Amino acid sequence: MTFIVKTRKVLLNKILNRRQLSVELLHPNKPTPSQESVVKELASKYKADERNVVVYGLRTSFGGNRTTGFALIYDTQQYLLKFEPKFRLRRRGIIPKRDGSRKGWKEVKSKLKKTRGSEKTKIYMSRKTDKREVIRAQKETYLKGFVGK
């Protein structure tokens, strides 16, 4: 697809080790470009690695031809994993998606309301700690995959 990328409000955020930009895409008589193509375009424009670029919030204006959104360009993969929210990491496939149903989580919640004392902490900890360890291990394996390359 052919489209023009214009960036506005480029901020260098030294605290979070990233560049924050507002992106405007011009695509006359064409459909909205995919996030992947926007990531490739921004990576080449700012001389960054494609894996460190995050694009989100793309909204096409009524009538087409123009799309606006936001982009973050991190300095390294470590900073991306440290500061990026979990839901965006799940979208990219870096950390595993949640398993189980919504009903199951609600049942555990109601069970917590009915129990007291040490039983409550056991139920709560069995629900939380496994997830944290799995996510931490998944992030470490993701980073190890890039060290060898």
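The legends below describe close-up views of a predicted model. Local features need pLDDT of at least 70 and side-chain atom pairs count only at pLDDT 80 or more, while totals for chains, interfaces and linings use all residues. Residues are numbered from 1 along each chain as its sequence is written, and side-chain values use heavy atoms, with hydrogens and water left out.

**View 1. Salt bridges of Glu 24 with Arg 8 and Arg 66.** A salt bridge is a side-chain nitrogen of Lys or Arg within 4 Å of a carboxyl oxygen of Asp or Glu. The closest N and O atoms are 3.5 Å apart for Arg 8 and Glu 24. Arg 8 lies in strand S1 and Glu 24 in strand S2, so this pair ties together parts that are 16 residues apart in sequence. Helices (H or I, at least four residues) and strands (E, at least two) are DSSP runs, numbered from the N terminus. For Arg 66 and Glu 24, the closest N and O atoms are 3.3 Å apart. This pair links distant parts of the chain, with Arg 66 in strand S4 (residues 65-74) and Glu 24 in strand S2, 42 residues apart. Glu 24 is buried, at a relative accessible area of 14%, whereas Arg 66 is partly exposed at 43%. Buried means under 20% relative accessible area, exposed over 50%, and partly exposed in between (1.4 Å probe, protein chains only). Arg 8 is also partly exposed, at 40% relative accessibility. Through salt bridges that share partners, Arg 8, Glu 24 and Arg 66 are joined into one network.

**View 2. The salt bridge between Glu 84 and Arg 88.** The side chains of Glu 84 and Arg 88 meet at 2.5 Å, N to O. Both residues of this pair are buried. A search of the whole structure finds four salt bridges.

**View 3. Surroundings of Leu 89 in helix H3 (residues 86-92).** Leu 89 counts as buried, at 0% relative accessibility. Not counting residues up to four places away in sequence, Leu 89 touches Leu 80, Leu 81, Glu 84, Ile 94, Ile 95 and Lys 139. Contact means heavy atoms within 4.5 Å. Leu 89 and Lys 139 are 50 residues apart along the chain, and their C-alpha atoms are separated by 9.5 Å.

**View 4. Surroundings of Val 55 in strand S3 (residues 53-60).** Val 55 is buried, with a relative accessible area of 8%. Its contacts, leaving aside neighbours within four places in sequence, are Gln 35, Val 38, Val 39, Leu 42, Phe 70 and Ala 71. Val 55 and Phe 70 are 15 residues apart in sequence, and the C-alpha to C-alpha distance is 5.9 Å.

**View 5. Asn 17 in the loop between strand S1 (4-13) and strand S2 (18-27).** Asn 17 has a relative accessible area of 17% and is buried. Leaving aside neighbours within four places in sequence, Asn 17 is in contact with Ile 73, Tyr 74, Asp 75, Tyr 79 and Phe 83.

**View 6. Positive phi at Lys 47 and Asn 65.** Lys 47 is not a glycine, yet phi is positive at about 55°. Lys 47 is placed in the loop between helix H1 (35-45) and S3. At 77% relative accessibility, Lys 47 counts as exposed. Asn 65, likewise a residue other than glycine, has a positive phi near 70°. Asn 65 is placed in strand S4 and is partly exposed, with a relative accessible area of 36%.

**View 7. A positive surface patch of Lys 86, Arg 98, Arg 132 and Arg 136.** Patches are made of residues with over 30% relative accessible area and no salt bridge; like charges are joined within 9 Å, and nonpolar side chains (Val, Leu, Ile, Met, Phe, Trp, Tyr) within 5 Å. Lys and Arg count as positive and Asp and Glu as negative, while His and the chain ends are not counted. The place of a charge is taken as NZ of Lys, CZ of Arg, CG of Asp or CD of Glu. Accessible areas come from the Shrake-Rupley method with a 1.4 Å probe, and for residues only the protein chains shown count as cover. Within the patch, Arg 132 is found in helix H5 (residues 118-147). Arg 132 is partly exposed, with a relative accessible area of 47%.
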